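Subject: Structure for your review

Dear colleague,

Please find the structure below, handed over for your records and your own inspection. My findings follow it, arranged by topic.

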Amino acid sequence: MIRVRFISADGGSVSEVQGAPGDRLLDLAQADGQPLEGTCEGQMACSTCHVIVDPDDFALLPPATEPEEDMLDLATGATRHSRLACQIFLDASLEQLTVRIPAESRNMQGR
């Protein structure tokens, strides 16, 4: 099992869950009640599942594809360690993954 830590935007709370190789980060986050909308349901047509990956863990992930980079250009508060949670699948080589929920997001459904 892989330990996944979600840090709130203000850094005030941390939630830890366990994931298995092949699990998608967006699914784990939503099951844990994290505020990641995922409007496009993982089709990489929005940036509402934007997360900021811990720099040490970021280096262990496969690089973002060009379409993912294009979507990240639309994400509010994107950093050099930003990724879309719908595009991160846990891999057996990971022992842990820590991500921060961004302070802002664009609500594509206008709720």
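A term is needed before the first finding: a surface patch is made of residues with over 30% relative accessible area and no salt bridge, with like charges joined within 9 Å. Please note also that this is a predicted model.

Surface charge

By that definition, Glu66, Glu69, Asp70 and Asp73 form a negative surface patch. One of these residues, Glu69, belongs to helix α3, which spans residues 66-72. Glu69 has a relative accessibility of 39% and therefore counts as partly exposed, since that class lies between the limits of 20% for buried and 50% for exposed.

Salt bridges

Side chains of opposite charge can pair when their charged atoms come close. A search of the whole structure returns 4 salt bridges. Three residues, Arg3, Arg5 and Glu16, are linked in a network of such bridges.

Within this network, Arg3 and Glu16 meet through their side chains at 3.4 Å, N to O. Arg3 is located in strand β1 (residues 2-7) and Glu16 in strand β2 (residues 14-19), so this pair ties together parts that are 13 residues apart in sequence. Arg3 is partly exposed, its relative accessible area being 28%. Glu16 is likewise partly exposed, with a value of 46%.

Glu16 also forms a salt bridge with Arg5, at 4.0 Å from N to O. Here again strand β2 supplies Glu16 and strand β1 supplies Arg5, so the pair ties together parts that are 11 residues apart in sequence. At 24% relative accessibility, Arg5 counts as partly exposed.

A further salt bridge joins Asp27 to Arg24, and the closest N and O atoms are 2.8 Å apart. Which of the two partners counts as buried, and which as partly exposed? Arg24 has a relative accessibility of 17% and counts as buried because that value is under the limit of 20%. Asp27, with a relative accessible area of 38%, is partly exposed.

Nonpolar core

The largest nonpolar core contains 25 residues, and those with the most contacts inside it are Phe6, Leu25, Val51 and Leu97. At least two residues of this core come from each of β1, α1 (25-31), β3 (50-53), α3 and β5 (96-100). Helix α1 provides the largest share of the core, namely 4 residues. Helix α3 therefore appears in two of the findings: it contains Glu69 of the negative patch, and it contributes to this core.

The loop between α1 and β3

Several findings concern the loop between α1 and β3. Gln34 has its place there, and at 15% relative accessibility it counts as buried. Leu36 lies in this loop too; its relative accessibility is 6%, and Leu36 is thus also classed as buried.

Where does the chain bring distant parts of the sequence to these two residues? For Gln34, the partner is Ile101: the two residues are 67 apart along the chain, and their C-alpha atoms are separated by 8.0 Å. Leu36 and Ile101 are 65 residues apart in sequence, with a C-alpha to C-alpha distance of 8.0 Å.

The loop is also the site of two backbone findings. Most residues other than glycine have a negative phi. Glu41, although not a glycine, has a positive phi of about 60°. Glu41 lies in the loop between α1 and β3 and, at 63% relative accessibility, counts as exposed. Met44, another residue other than glycine, has a positive phi near 60°, and Met44 is placed in that loop as well.

The segment after β5

Ala103 is found in the segment after β5. Ala103 is exposed, with a relative accessible area of 72%. Ala103 and Ser8 are 95 residues apart along the chain, while their C-alpha atoms are separated by 8.2 Å.

For your inspection, I would point to the network of Arg3, Arg5 and Glu16, the negative patch that includes Glu69, and the positive phi values of Glu41 and Met44.

With kind regards

Note on methods
Residues are numbered from 1 along each chain as its sequence is written. This is a predicted model: local features need pLDDT of at least 70, side-chain atom pairs count only at pLDDT 80 or more; totals for chains, interfaces and linings use all residues. Side-chain values use heavy atoms; hydrogens and water are left out. Patches are made of residues with over 30% relative accessible area and no salt bridge: like charges are joined within 9 Å, nonpolar side chains (Val, Leu, Ile, Met, Phe, Trp, Tyr) within 5 Å. Accessible areas come from the Shrake-Rupley method with a 1.4 Å probe; for residues, only the protein chains shown count as cover. Lys and Arg count as positive and Asp and Glu as negative; His and the chain ends are not counted. The place of a charge is taken as NZ of Lys, CZ of Arg, CG of Asp or CD of Glu. Buried means under 20% relative accessible area, exposed over 50%, partly exposed in between (1.4 Å probe, protein chains only). A nonpolar core is a set of buried Ala, Val, Leu, Ile, Met, Phe, Trp, Tyr and Cys residues joined through side-chain atoms within 4.5 Å.
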